[in-house]
Amino acid sequence: MLFALVRRQRIHWQISNGVKWNIIKRNFMLAIETKNLTKEFNGLKAVNNVSFGVEEGEIFGLLGPNGAGKTTTIKMLATLLKPTKGEAKVCGFDVLKQRDEVRNSIGIVFQEPALDNRLTGYENLDFHARLYGLDSETRKKRIKEVLNLVELEDKANVIVRNYSGGMQRRLEIARGLMHYPKVLFLDEPTLGLDPQTRHRIWDYILQLNQKEKITIILTTHYMEEADYLCQKVGIIDFGKIVALDTPQNLKNIFKKPTLEDVFLHFTGRRIRETEANQNEKLKRMGHRFRR
Amino acid sequence: MKSNNLQTPKQSSRDATGQAIYIMWLREMKRFFRAKARVIGTLAMPFFFLISFGFGMRQGFNLPGMPQMNYLNFLVPGIIGMTMLFNSIFAGISVLWDREFGFLKEILVAPVKRFAIVLGRIAGGITTALIQAILILILSLFLGFKISNPFGIILAILFMILIGTGFIGFGIAVASILENTESFSLIMQLFVFPTFLLSGAFFPVSNLPKWLKPISLINPLTYGVDGLRASLIGFSQFPLILDLVILLIFGILMVGLGSWLFNKTEI
């Protein structure tokens, strides 16, 4: 059955080898395409030969247990980490050779907060807009727009330190949108938020995808979130993609009632705490001794 | 919001670089003026040094190699050098805090040259350090410090900027290698304090024993303090041009090193 699924994927994604890779490039536009993407930290493969594609306008979910390689994959796609091997393209730009073009076309909301908490919400957005070279008129207009979207207009001039966790996350989503990205990465966008905020963020994500036609790649631990939002999901474990399809197809093929069951089918029930920590440790060591 | 928003507004890269430098500078200014406690804290140390040493050793304190003058006059340029040193290291190493609080990611993922980020940080760091050093200079005037030549102030500011550039570059280099903020105190104890104590801020370097003197002579701050002294009180141990050249080389080297290491930073 697994074999059948893998075959399915190959036909569906057609990116498992070089020849098909070329065909696909001519046929339709992929917002993201990776080929044998690999990242090693001190010999340990955090991401191992990952190949997948995300179509333009899609909401794609990258699912996996702790330390599976989700964040590492996203960081490579966002040009924050250099792949050890393989290649990846974002909006047709190579993440190694065309870093500035990639950076210009993506927005990213990180797992941990990445705001300057001594600046106001408005100033954080203004900082971002200037870093991305927006002119003064576009800046003002866009700041208003994105604040409006995440409903933070009346908190714009409050120092971010005084924001709640949910407000910070909403501000980060707003910031990720400032420079009109074509692809938005959301790393665990609803982690630690109350159901009200979570649902509101889901609304934003769908709204962005539908109204601004932004391709969205998100990682999450919440399967109901992936099922609700994503048109396609990739389950990643030990650095490898183990399943790649629509949530509905996965549920049908494996005859499971929920995506959570499919997920557990692929990744087992063992808790990954140890591996995650080991991974983190190796990552840190890799960072310390990097070239 | 309409889908025609999707076109990314075109900007020339030079414009973007200028914007990046400016916004890094502006951020530093805003953070500086909002952190009043920090400003008072960093001003307090040089101020107490000035009061205690300047007054405590006022009378009959003349080391060999020191000009016949009030010790306060000898001390003030040294304290100004110290203010620049501490604030510059702090400004450079704030990369570490940005890493800790996650903001570094926001900077690193932006489509701007890392060199522009480094320049912006240096510009911001120099401005804040300069504000504090000049405040100390003004304070010292009230305590009885005498500037020998008013035009020397301009030269002194040049020296402050050179000291600042070099040590901010050094701070960025260190912060790019270090992993977490705990290492910061290590750098302070192991590097910054010796740099300050052996810079001739308190006593003429010529008083040091033979084995310690070379350390003082390879210490860039020695030339910074000497240059500040030359410009403010007209006394120096080395030729002014030597001070300038050494600080200039130090500045270029450190900015280069800092940019290079910062450029390699991964998250």
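# Strand β9 of chain A, and the build of chain B

Strand β9(A) is covered on both faces: K232(A), G234(A) and I236(A) are buried on one side, and V233(A), I235(A) and D237(A) are buried on the other. The model described here is predicted. In a regular strand the side chains alternate between the two faces of the sheet. Strand β9 of chain A runs over residues 232-237, and six of its six residues are buried, so the strand is largely enclosed by the rest of the structure. The cut-off behind the word "buried" is a relative accessible area under 20%.

Which strands pair with β9(A)? Strand β3 of chain A, residues 59-63, pairs with β9(A) in the parallel sense, over four bridges. Within this pair, L62(A) stands opposite G234(A). Strand β10 of chain A, residues 240-245, pairs with β9(A) in the antiparallel sense, over five bridges. Here I236(A) of β9(A) has I241(A) of β10(A) opposite it. The strands β9(A) and β10(A) form a hairpin with two residues between them, and F238(A) takes a positive phi near 50° in that hairpin.

Positive phi values also occur elsewhere in chain A. N49(A) is a residue other than glycine and has a positive phi, near 55°. The position of N49(A) is in strand β2 of chain A, which covers residues 44-55. K213(A), also not a glycine, has a positive phi of about 55°. This lysine lies in a loop of chain A, between α8 (195-211) and β8 (215-220).

Are these two residues of chain A buried, partly exposed or exposed? The table gives the answer, together with a buried residue of chain B.

| Residue | Relative accessible area | Class |
|---|---|---|
| N49(A) | 35% | partly exposed |
| K213(A) | 49% | partly exposed |
| T222(B) | 2% | buried |

The classes rest on two limits: buried is under 20% and exposed is over 50%, with partly exposed in between. At 35%, N49(A) falls between these limits, so it counts as partly exposed. K213(A), at 49%, is under the limit for exposed and is therefore partly exposed as well. T222(B), at 2%, is under the limit for buried, so it is classed as buried.

T222(B) is placed in helix α9 of chain B, residues 220-233. What does T222(B) touch, not counting residues up to four places away in sequence? The residues are L198(B), S199(B), V205(B), S216(B) and F238(B).

Chain B as a whole has 10 helices and zero strands. Along the sequence its pattern is α-α-α-α-α-α-α-α-α-α. The radius of gyration of chain B is 20 Å, close to the 18 Å that the globule rule gives for 267 residues, so chain B is as compact as a globular protein of that length. Along the principal axes, its C-alpha atoms fill a box of roughly 80 × 40 × 35 Å.

Of the 267 residues in chain B, 55% count as buried. Among the contacts in chain B with a separation of 6 or more, 81% are between residues 24 or more positions apart. The accessible surface of this chain comes to about 11,400 Å², and 72% of that surface belongs to carbon and sulfur atoms. Chain B has 20 positive and 10 negative charges, and the mean positions of the two sets are 6 Å apart.

Conventions
Residues are numbered from 1 along each chain as its sequence is written. Chains are lettered from A and ligands numbered from 1 in the order in which they are written. This is a predicted model: local features need pLDDT of at least 70, side-chain atom pairs count only at pLDDT 80 or more; totals for chains, interfaces and linings use all residues. Side-chain values use heavy atoms; hydrogens and water are left out. Buried means under 20% relative accessible area, exposed over 50%, partly exposed in between (1.4 Å probe, protein chains only). Two strands pair if DSSP finds at least two bridges between them. The radius of gyration is taken over C-alpha atoms; the globule rule is 2.2 Å times the number of residues to the power 0.38. Contact means heavy atoms within 4.5 Å. Accessible areas come from the Shrake-Rupley method with a 1.4 Å probe; for residues, only the protein chains shown count as cover. Lys and Arg count as positive and Asp and Glu as negative; His and the chain ends are not counted. The place of a charge is taken as NZ of Lys, CZ of Arg, CG of Asp or CD of Glu.
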